[in-house]
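Me: I have a model open here and would like to talk through its pockets and the ligand. Could you take my questions one at a time?

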Amino acid sequence: MLVGEAPGYHEDRQGLPFVGRAGDLLEKLLERIGYTRDDVFIANVLKCRPPENRDPQPEEIELCRPFLRQQIEIIQPAIVCTMGNFATRLLTGKSDGISSVHGRPLPFPDSDDIRIFPVFHPAAALYTWSNLALLEKDFDVMAGLISAPDKHQPEVEASATKPEPQVEATNGEAEPEQLGLF
Ligand code: URA
């Protein structure tokens, strides 16, 4: 299962996640590790498009949280790949930014059967090409995690202290804050 941020213009019109340019890149990243979008479930933190594609607001995240929870409960994924800061912070319940936690499995607070695997949001690679190499590398690591899950134990704690460089293709970063899980 993969979780992004919020529908954009094309996603809003089609009612499907990741069907725009970020979606094209996501499909390429999946292909790279031998999957198509039919093999995975793709969701977003927000279920509606924020006006002007602005960042999700805390109250919007809170309103949509039960829907994502139900999606995870129904899908029962072994791995939830959180794409970008919003999904990662929401599902880990921690404020660590994606730059410090990407590419390594983390525990899912509500279930030992699920692991979180944070990666940069694909849109970050549309604007900054160096992020593409990081995404490709992380997808390769995730493929290894899928094929040999016991080799990669999740880290117990993510460090909550390091300030975060701005790498996301979003309109400004939300203040780091501790987010409760669901
Ligand atoms: N970005 C997201 O986070 N989600 C989408 O569905 C499309 C772009």
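Me: How do the residues lining the second largest pocket divide into nonpolar, polar and charged?
Reply: Bearing in mind that this is a predicted model, the lining of the second largest pocket divides into 16 nonpolar residues and three charged ones, with no polar residues.

Me: Which residues lie nearest the centre of that second largest pocket?
Reply: Of the 19 residues that line the pocket, Met1, Val40, Ala78, Ile79 and Ile146 lie nearest its centre. The elements giving two or more residues to this lining are strand 3 (79-83), strand 5 (111-119) and helix 7 (130-147), and the largest share, three residues, comes from helix 7.

Me: And what volume does the second largest pocket have?
Reply: The volume of the second largest pocket is about 350 Å³.

Me: Switching to the ligand, which residues are around it?
Reply: The residues around the ligand are Gly4, Glu5, Ala6, Glu11, Pro17, Phe18, Asn44 and His121. By class, this shell holds three nonpolar, three polar and two charged residues.

Me: Which atom of the ligand is 2.6 Å from a polar backbone atom of Glu5?
Reply: That is an oxygen atom of the ligand. For Ala6, a polar backbone atom is 3.0 Å from a nitrogen atom of the ligand, while a backbone N or O atom of Phe18 lies 2.9 Å from a ligand oxygen atom.

Me: How much of the ligand's exposed area does the protein bury?
Reply: The ligand taken alone exposes 230 Å², and the protein buries 91% of that.

Conventions
Residues are numbered from 1 along each chain as its sequence is written. This is a predicted model: local features need pLDDT of at least 70, side-chain atom pairs count only at pLDDT 80 or more; totals for chains, interfaces and linings use all residues. Side-chain values use heavy atoms; hydrogens and water are left out. A residue is near a molecule or strand if one of its heavy atoms lies within 4 Å of it. A polar contact is a pair of N or O atoms within 3.5 Å; within protein, one must be able to donate a hydrogen and the other to accept it, and residues adjacent in sequence count only if both atoms are side-chain atoms. Accessible areas come from the Shrake-Rupley method with a 1.4 Å probe; for residues, only the protein chains shown count as cover. Ala, Val, Leu, Ile, Met, Phe, Trp, Tyr, Cys and Pro count as nonpolar, Asp, Glu, Lys and Arg as charged, and the others, Gly among them, as polar. On a 1 Å grid over the protein atoms alone, a cavity is a set of points where a 1.4 Å probe fits but cannot get out, and a pocket is an open set with protein on both sides within 12 Å along at least five of seven lines; lining residues have an atom within 4 Å of a point. Grid points are joined across faces, edges and corners, and a volume is the space filled by probe spheres set on the points. Helices (H or I, at least four residues) and strands (E, at least two) are DSSP runs, numbered from the N terminus.
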